[in-house]
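Biologist: Got a minute to walk me through this one? I'd like to go over one helix with you.

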Amino acid sequence: MSKTCSTSSRSPAKAGVQGGKVRRGRKVALDPRFRGGAWLLAALLLAATGMFSSLSLAQDRLPPAPYAYQQLKDPAQEARAKALMEELRCLVCQGQSIADSDAPLAGDMRHEVRSKIAAGESPGEIKTWLVARYGNWVSYDPPFDAATAFLWLGPLLFLAIGGWLAFGRFRRGASDGEDAA
Amino acid sequence: MKNRWVLFVPLAIMGLLFGAFIYRLVTPAETLIQSQWIDKPMPLFDLPPATAGVEGLKSSQLADGKPRLVNVFASWCIPCRAEAPQLEALKAAGVPIDGIAIRDRPEDVAMFLNEYGNPFDRIGADMQSSVQIALGSSGVPETFLIDGKGIIREQIQGVILADQVPEIIAKLEAMK
């Protein structure tokens, strides 16, 4: 996962990563019969190394943005930035927040968030700005609307159904008891 | 007990839920995040040249009356290499194309253009993905169709395929 998440490029050469998995570290006996095998293993290892190096070329070589891994000087501002970054979804490693992800794009988004906070913008404004670009999906705290209504109201609905079923059962149980008496 | 079948309703609901969970496990949801910044003006930016010999890119240059493509790419992006022939074909058909290079070094961009051709009129260097984020773009390659007034009309995520080329030409033609 870390391999695909460390770059924001769209799923490049996944087969290459799988193809690069070669069992290493097995000692090859020096029996002449195995020499061919040893050479083959060496060639395979070389090929695997080549594959990995070409994959590492597939990531950008720029250093992270200044605020990707550096906190703001003002602790109050940093706290606000941190809270917002934990609520924003990484666009590359979806399922992680940008606070958790090491993808370059997540670093750049942290830089964006911290720079905007430092410039005096409120977390709400920054969230609105991002939602206008990526939709509610970019936030882990989506608003209550038609799409999320069932998620919020569903449990209440199920509780009501359960309550109704239980109520019916108890009442019937009670009346059965009366009949028996 | 007249309504004995009612007892099976919870089991049926659980079965349906399980079915839904298994379906989503087997067929994961669409994970491409589409830009919502469509039918909106290009965000304001002024990017320096991404490499020597090719002009940088300003948002004001994208509203010169001619519909065009803005291609978000990177030299380190392997699919972008596969896209190069289609961009060449679009350029050959007279489509103006500008580039935004994401997190790229000038020497790498130069090598990329040298190897895969240069269909770009201008290439801006987006070192910290700030323009990419302002566009609502979440990866490379992505291509935006811009009308003559600098309004973003469409986003294409991923590599432009050969059979999409005539369609893109027609769409840009329709914006004139």
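Biologist: Which residues are buried in H6(A)?

Modeller: Keep in mind that this is a predicted model. I call a residue buried if 20 or more other C-beta atoms lie within 10 Å of its own. In H6(A), that picks out Ile126(A), Leu130(A), Arg133(A) and Tyr134(A).

Biologist: Seen down the axis of H6(A), what arc do its buried residues fall within?

Modeller: An α-helix has 3.6 residues a turn, so residues three or four places apart point the same way. The buried residues of H6(A) line one face of the helix, because they fall within an arc of 80°.

Biologist: And which residues are exposed on the other side of H6(A)?

Modeller: Exposed takes 12 or fewer C-beta neighbours within that 10 Å. On that side of H6(A), the exposed ones are Gly124(A), Glu125(A) and Thr128(A).

Biologist: What do the buried residues of H6(A) pack against?

Modeller: Partners come from both chains here. Chain B brings in helix H4 (130-135). From chain A, the partners are helix H4 (75-87) and helix H5 (104-118).

Biologist: How far apart are the end C-alpha atoms of helix H6 of chain A?

Modeller: The helix covers residues 123-134, which is 12 residues. At 1.5 Å a residue, the expected span is 16 Å. The model agrees with that, as the end C-alpha atoms sit apart by 16 Å.

Biologist: Which residue follows H6(A)?

Modeller: Its phi is positive, near 80°. The residue is Gly135(A).

Conventions:
Residues numbered from 1 in each chain as written. Chains lettered and ligands numbered in written order. Predicted model: local features only at pLDDT ≥ 70, side-chain atom pairs only at ≥ 80, totals over all residues. Helix = DSSP H or I, 4+ residues; strand = E, 2+ residues; numbered from the N terminus. Expected span 1.5 Å × (residues − 1). Arc of directions from axis to C-beta. Contact = placed C-beta atoms within 7 Å.
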